[in-house]
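Me: I would like to look closely at a single part of this structure, and I would be glad of a careful explanation that takes one step at a time.

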Amino acid sequence: MLVADAVLGVVAALLVLAQAVLLARVAARSFDGVELSVIWPSIALFAAATFGRAAAAWGFEVVGRRAATDVLAELRLEVVDGDLDAESSADVATLAVGGVDALETSFARYLPQVVLALVVPLAVLTLVAAIDPVSAGIMLLTLPLVPVFMWLVGRSTARRAQERWRALSILATHFLDVVRGLPTLRAFNRSEAQVERIADVSDRYRVATMGTLRVAFLSSAVLELAATLGIALVAVTVGVRLVDGGIGFESALVVLVLAPELYLPLRNLAAQFHASADGRAVAERLLELADRRREAAQGTLSPPRASEVVVRLDGVSVTYPSRPTAALADVDLELLPGETVALVGESGAGKSTLAALLLGLVTPDAGVVSVGGLDLSECDLEAWRARLAWVPQRPTLFRGTIADNIRLGDPGAAIARVRDAAELAGVCRFVEALPDGYETIVGDGGRPVSAGQLQRIALARAFLRDADLAILDEPTANLDPASVELVLDAIEAARSELTILLITHDALLASVADRVVRLERGRVVRLTVEAA
Amino acid sequence: MTTLRRLVGLAGVPAGRLATALLLGVCALAFAVALMTSAGYLISRAAEQPPILSLTVAIVAVRFFGLARPVARYFERLASHDHALRSLGRIRGRFYARIEPLAPTELESFRRGELLGRMVDDVDALQGLFVRALGPPLVALVVAAGCVAVTAVFSPDAAVALAVGLLVGGVAVPALSSLVVGRAARRQAPARAELTAELVEAIRGADELAVYGRRDEIRSRVGRRSRELARLGRRDALATGLGDALAILVAGLTVAAVLAIVITEREAGLLDPVLVATLALLALASFDAVTPLPGAGRELSRTLVSGRRVLDLIDREPTIVDPAEPVPRPPAHAPIELERVIARYPGQPTSALSRLSLRLEPGERVALLGPAGSGKTTVTKLLLRFLDPVAGRVTVAGRDVREYRQSDVRRTFALAGQDSHVFHATIRANLALARPDATEADLWHALDRARLGDWVASLPGGLDTLVGEEGTELSGGERQRLTVARALLADSPVLLLDEPTAHLDAETAEELVRDVFTATRGKTVLLITHRPEGLELADRVLELPAA
């Protein structure tokens, strides 16, 4: 596709040269007194070349874009596959939508332009050299300036563009953050003060950008100067030699008309290079994100059922790159089949990290997570997760119906099973009171759902799963005592069939466990074995 | 047209800067045309082999234009970028100022992802309104008129041909192009917003999707949206490419026509032979003036699509407004009362609260207990005047809150709750929000009272630690306590605590409630909760029935 595109571009450019030669010939002959009746075939040819050029230019544009869009649609998918936990979602979304479009421009325009920049000046020089070697010499002298300045342009813009994109996405997040926080800002009577702050951030951005542009534009201005001075120089020397009779009028005109065409593809390339610097900065960040792929299931072993074997952590340590201290340090833990274990501890003690290990979302830096003696990292994670139920601390509500949200873990579940799960989670009264019941649209733009109801929906999700191991991360944090009772009942009913890890602050909830494990700063500090 | 006029008003920047940018644009363009024309004249004149001195003026002109063109262009680019960036700041500010009174109740219905699309893309798109959409046509008009006028001095017929060519190339072609592209842009905007919403969800819920084995599905959904956008993009390419091709065609045919005319006139002896090549080159170069126009037309139609959506949001009138003649602000120690209040959210069929009566005496500590969905949070919204009751009234110091300025009502309360937003900024900035003039000691004092002081002190960054987007770098409990510390720092007469103990264990929860009650001795406190901790510390416990 790109080759076809470059060929179309070259055809269009060569037709421009043909037009230049024809134009000079017509004007020179008329100057010499030749009649229109003799000249008109040349004018007709000039017009024909115009048609050819237009057709080639259209093809150039369309083919270039088509080649680009398909590749870029795939690039967006790569981003979704990357490990994006550490990134802010708004930032990544801006990058993947707006940023990829910027990339499209560079992809579609830049590469074919490189071919043009190589072929066209060469063709022009050859033609001019054949007609007037002196002018070709002048052109050759000014031409090397162009790549030198292009290199300068490239060097300063590429680095600055990277900075600019970062500044832009920080700014984008700032603006969105302010809008998201509007209720809080208003509650503290601070929302009006933000108008000034927005202006201030924008102004800082403008000053920074203008600073980089002054340099970037200076390089391209010098580049343009080389081109316009080249034209002026050719025109003046040719003019002076015409007076001496050192060159014919037609040759002089051809050289003059061709002169701008020598520099034009190079200048276009520089302009595209400038535009594509944005694109390349985006591409680099996107690829960097896509490269940080999750450590997906490398293993192929079929994991045993957690309800039948021991799940254990042996000397497991986890350190997040963004935090100085270890989230978990040398932790040993055993979950016996069918056991209910409560995991307690201060906020930040590493409880959620422990859950993430069992879910295969985090791999240990040291130590082993094993299931019935098999290293979890050697197991088929998909198969392992298919037998897990998980209620995260802050569940996500997806756009769609309440039924779809409950069905997250089992898309094919019949509505009767969805209802049963909702009943167990204590959310069915809330849902059934809604006009559309389970078909109520929730999530962004849908019916607002309180934190408590969301937690219950997440519980229903877990109850719907046919699981061997349930990991419940603060499942009752937003619930009232009556609802907590309901959750306790559900746990009581299910505990005989599966292993349960309960992460909680709630003493009542912890009291139903067979065992309580306490984490403190990433270490297990106390093991209380209680009679069930 | 009204849309455009209103957008111009929204993006408006000092006319002086705009005039400078446009004037520089005219110079840059005119110098480029003049360079080729004067060079053509120089060569044609030289071909007559006159004394070299008679060429001096032409030689100087060629050199001048060769030098002046890049200089003018450099300053034009700087001026126009500066202008666009200034516009951006203003547009963001004005946009924010307009939607600020709508929050939170009237902005509830906006999707986060889509809202993001609107803010970043639509608002930002408006920055190019003057320099990229409206400027180029003005510059083109001035320069093209100049070219036609110069041609008309020597050959009126050629001037007519040139004028027609420039009009077709500068008006008809861009109009056609922008029509086609405008349609594509309207199709693309929703696809783009949809894709953003889909991506935000895929990223936010990444872990749950992975655990529940739904990753491939959401991936293919994002893929579908992405391909849909790509498909629309391809159609766009077909249209923009056509515009470029038509422009080339019109320019070439016009030059051919001008050539035929001037050659005929030269044969008839009506035209100096020197001018044949000169006028042909002038015609050729004059199309540089209209080349940017299809791009400007596309820019304009894109800007209008974005602009319409921005205006749509801006045009919503806030339903909660200050009274024409507000009463003086209430005293610090005043009773607060809800009198048989019925509350309903806009667009919702059922009431969130029905006939609730509640009275808070100054200095009283009241706990409001109730199951989820019983309308506990609605009470805080009514007190803060984020929502007006459908029936009944909310009073502070015996007067309806609707009689006060909104800021005076809100100054009475400090809110910490489950919906409190933690900003993507430092701990310091998040706290100082409540009291910008707070000293370092004030900040630490508030943190200590919320039992967060030791933790913050243990962080390497201390108060300057960044908390992440929506406080994601903090645990649930830390987030919660940060919002409590912020509310304590505000030092308002009434403290509203909406579920401050969610995510905390029983021991810490009781400690927090006890600390808050101690720290706020003499102040009114309304503690909204579904948990038993600290209830015994309240003077009174009220229970809300289920919805």
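Which parts of chain B do the buried residues of α17(B) pack against?

Reply: The model is a predicted one, and in it the buried residues of α17(B) pack against three elements of chain B, namely helix α16 (476-490) and the strands β7 (494-498) and β8 (524-529). To see how this comes about, it helps to begin with the helix itself, which runs over residues 506-519 of chain B and therefore has 14 residues, reaching 20 Å from its first C-alpha to its last, close to the 20 Å expected at 1.5 Å a residue. Its buried residues are B:Ala509, B:Leu512, B:Val513 and B:Val516, where a residue is called buried if 20 or more other C-beta atoms lie within 10 Å of its own. These four lie on the same side of α17(B), because they cover an arc of only 95° around the axis. On the other side of the helix, by contrast, B:Glu507 and B:Thr518 are exposed.

The surroundings can be described for the chain as a whole: chain B has 17 helices and nine strands, and 56% of its 547 residues count as buried. Among the contacts in chain B between residues at least 6 apart in sequence, 81% join residues at least 24 apart.

Chain B also touches chain A, in a contact that takes 130 residues from chain A and 128 residues from chain B. On the chain A side, helix α7 (residues 193-244) supplies the largest share, with 27 residues, and by class that side has 74 nonpolar, 31 polar and 25 charged residues.

Conventions. Residues numbered from 1 in each chain as written. Chains lettered and ligands numbered in written order. Predicted model: local features only at pLDDT ≥ 70, side-chain atom pairs only at ≥ 80, totals over all residues. Helix = DSSP H or I, 4+ residues; strand = E, 2+ residues; numbered from the N terminus. Buried ≥ 20, exposed ≤ 12 C-beta atoms within 10 Å, placed from the backbone. Contact = placed C-beta atoms within 7 Å. Nonpolar A, V, L, I, M, F, W, Y, C, P; charged D, E, K, R; others polar. Arc of directions from axis to C-beta.
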